[in-house]
Amino acid sequence: MLIKSSQDGFYHPVASEITSQRVYTGRRDLIKLMASGVAGAALASWASREARAQTPRPGKLAALPHVKSDVAGAVTLEKLTDYKDASSYNNFYEFGTDKSDPARHAHTLKTSAWTVEIEGLVKKPARYALEDLLKLSAQEERIYRLRCVEGWSMVIPWVGYSLSELIKKVEPLGNAKYVEFVTLADPKTMPFVGSRVLDWPYVEGLRLDEAMHPLTLLSFGMYGELLPNQNGAPVRLVVPWKYGFKSAKSLVKIRFTDQQPATAWSKAAPNEYGFFSNVNPSVDHPRWSQASERRIGEDGLFAKKRKTLMFNGYETQVGQLYAGMDLKKLF
Ligand SMILES: Nc1nc2c(c(=O)[nH]1)N[C@H]1C(S)=C(S)[C@@H](COP(=O)(O)O)O[C@H]1N2
Ligand SMILES: [Mo]
C-alpha cells in the first residue's frame with residue numbers, strides 16, 4: 001500500500017502484512033523495492049490485481065470522488081477479505097447486536113446533508129459539510145487489517161486520508177490532549193438506539209498523538225466505493241492498531257479536550273474495555289484470550305486460527321507512542 005506522507009510528500013509503501021521486517025519507511029526503500037527487479041514489481045501488481053479479482057465489487061454504491069485509489073505496485077501479502085463478508089458481518093450496535101443486523105437494517109440510515117462538527121479546544125472550530133470534508137485532503141486507498149476485540153479480523157482496502165490532515169486545519173490549542181469522537185444516535189433511523197446495551201451516542205476517544213498518527217484514517221469508503229451504511233457511512237474512523245471498537249462509525253462530532261473522554265465501551269464495562277484498547281496478544285480480555293484470531297472468510301472446518309500480532313502488526317509504526325507505559329495496566 002502506498003501512503004502519501006504529509007511530512008515529506010513521498011509515497012511510502014506499507015505492506016498489508018505488516019511485520020517489523022516488512023515495513024518500508026522511506027523513499028529509498030521504495031526505490032530499493034522497485035529496483036529489486038521486474039519480478040518483484042510484476043509480483044506486486046499481480047498481487048494487487050489478484051486481490052481485486054477475489055473481491056468482486058457490488059457495483060451498487062458510487063465510486064468515491066477525488067480518489068487516488070489505484071495504487072501502482074501495491075504489495076498485498078494478505079488476501080483481502082471479500083467485499084461480501086466485509087459488508088455483511090458487522091458490529092454497529094445502533095442497528096442490532098447480531099453480526100447480520102447492520103446489513104439488514106442500516107438502509108434506514110440517512111446519510112444525506114451530513115455534517116461533522118469540530119469543537120472544543122481548537123483555534124478554528126467548524127461545521128463541515130460532508131462534501132467539504134471529502135475534499136479537505138487527497139483520498140488514498142490503504143489496506144488495513146482490522147481486528148475486533150471478539151477475536152476475528154478482516155483485511156480491507158479503506159479509502160480516506162489521515163485524520164491528522166483535518167486536525168492540522170482546525171489547529172488544536174496547547175491544552176488539547178485528547179480527541180473525542182461522537183457518532184450519530186438517531187432513534188428514528190437507528191432501531192437499537194434506545195436499547196440499554198450502551199449509553200448512546202456511541203463515543204470513542206484517542207490521545208491527541210494517537211489521533212495525529214498518520215495511520216489513523218478518516219475513512220469515507222472501502223473497495224473504491226463509498227462506505228456502505230453498515231460499515232459506518234458516510235464517514236468513520238479506522239485505527240488499525242487498536243481493537244475494532246475504537247474505529248467509530250457514522251461520525252458527527254470531533255471534540256478536542258484536556259480530559260480523557262469517557263468512551264461508550266469503557267463506560268459499559270471498564271474492567272473489560274480500557275481507554276487505549278491497543279491490540280495486544282499478551283493481555284487477555286477478562287473472559288477470553290487475545291492471543292489468536294479468526295480471519296473472516298476463512299472459517300472452514302480446517303481453517304487455522306492466526307496468531308494475533310502486537311499492535312495488530314503495526315508495532316514498528318506505533319510502538320513508540322507507548323514507550324514507558326505499562327500496557328497491562330493501561331489496556
Ligand atoms: N457507531 C458505532 N461504531 C462502531 C461500532 C458500533 O457499534 N457503533 N462497533 C465497533 C466495533 S466493535 C467494530 S469491530 C467495528 C466494526 O467495523 P466493520 O463492521 O466496518 O468491520 O466498528 C466499530 N465502530
Ligand atoms: Mo469489535
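What follows is a walk through the fold, the core, the ligand site and a few notable residues of this predicted model.

Starting with the overall layout, the protein chain is built from nine helices and 15 strands. Of its 331 residues, 54% are buried. The chain's contacts reach a long way along the sequence: counting those with a separation of 6 or more, 72% are between residues 24 or more positions apart. On the outside, the accessible surface of the protein chain adds up to about 14900 Å², and carbon and sulfur atoms hold 55% of that surface.

Inside, the largest nonpolar core takes in 81 residues. Within this core, Leu166, Leu218 and Phe256 are the members that touch the most others. Strand E7, running over residues 152-162, is the top contributor to the core, with six residues. This sits well with a general trend, since nonpolar side chains tend to be buried together in soluble globular proteins. Phe256 gives a good feel for how the packing works. Setting aside residues up to four places away in sequence, Phe256 touches a run of neighbours at Ile118, Glu119, Gly120, Leu121 and Val122. Its other contacts, counted in the same way, are Ile167, Val170, Pro172, Ala176, Tyr178, Val179 and Leu208.

Now for the ligand. Ligand 1 has 16 residues around it, and Asn90, Tyr93, Arg236, Ser247 and Lys249 are the closest of them. Sorted by class, this shell is made up of seven nonpolar, six polar and three charged residues. Three contacts to ligand oxygen atoms stand out for a reader with the structure open. Lys249 places a polar side-chain atom 2.7 Å from an oxygen atom of ligand 1. For Tyr93, it is a backbone N or O atom that lies 2.8 Å from a ligand oxygen. Asn231 uses its side chain, where an N or O atom is 3.0 Å from an oxygen atom of ligand 1. On its own, ligand 1 has 530 Å² of accessible area, and the protein covers 98% of it.

The backbone has some oddities worth a look. Two peptide bonds ahead of prolines are cis: one runs from Trp200 to Pro201, with omega near -5°, and another joins Ala233 and Pro234, with omega about -5°. Pro201 is in the loop between strand E8 (178-183) and strand E9 (203-207), while Pro234 belongs to the loop between strand E11 (225-226) and strand E12 (236-238). Ala233 also has a spatial partner in Phe220: their C-alpha atoms are 7.0 Å apart, with their positions 13 residues apart in sequence. Phe220 is part of strand E10, and it counts as buried because its relative accessibility is 1%, under the 20% cut-off.

Positive phi values turn up at two residues that are not glycine. Tyr223 has phi near 50° and is located in the loop between strand E10 (217-222) and E11. With a relative accessibility of 1%, Tyr223 is buried. Ser250 likewise has a positive phi, about 50°, and is found in the loop between E12 and strand E13 (251-257). The relative accessible area of Ser250 is 0%, so this residue is buried too.

Two more residues round out the picture. Met212 belongs to helix H7, which spans residues 208-212. Its relative accessible area is 30%, so Met212 is classed as partly exposed. Met212 and Ser164 are 48 residues apart in sequence, yet their C-alpha atoms are 4.6 Å apart in space. Not counting residues up to four places away in sequence, Met212 touches Ser164, Ile167 and Lys168. Ile167 is also on the contact list of Phe256. Asn280, for its part, is in the loop between helix H8 (264-268) and strand E14 (292-295). Despite being a loop residue, Asn280 is buried, with a relative accessible area of 5%. Leaving aside neighbours within four places in sequence, Asn280 is in contact with Tyr243, Gln290, Met310 and Leu327.

Definitions and conventions. Residues are numbered from 1 along each chain as its sequence is written. Chains are lettered from A and ligands numbered from 1 in the order in which they are written. This is a predicted model: local features need pLDDT of at least 70, side-chain atom pairs count only at pLDDT 80 or more; totals for chains, interfaces and linings use all residues. Side-chain values use heavy atoms; hydrogens and water are left out. A residue is near a molecule or strand if one of its heavy atoms lies within 4 Å of it. A polar contact is a pair of N or O atoms within 3.5 Å; within protein, one must be able to donate a hydrogen and the other to accept it, and residues adjacent in sequence count only if both atoms are side-chain atoms. Accessible areas come from the Shrake-Rupley method with a 1.4 Å probe; for residues, only the protein chains shown count as cover. Ala, Val, Leu, Ile, Met, Phe, Trp, Tyr, Cys and Pro count as nonpolar, Asp, Glu, Lys and Arg as charged, and the others, Gly among them, as polar. A nonpolar core is a set of buried Ala, Val, Leu, Ile, Met, Phe, Trp, Tyr and Cys residues joined through side-chain atoms within 4.5 Å. Buried means under 20% relative accessible area, exposed over 50%, partly exposed in between (1.4 Å probe, protein chains only). Helices (H or I, at least four residues) and strands (E, at least two) are DSSP runs, numbered from the N terminus. Contact means heavy atoms within 4.5 Å.
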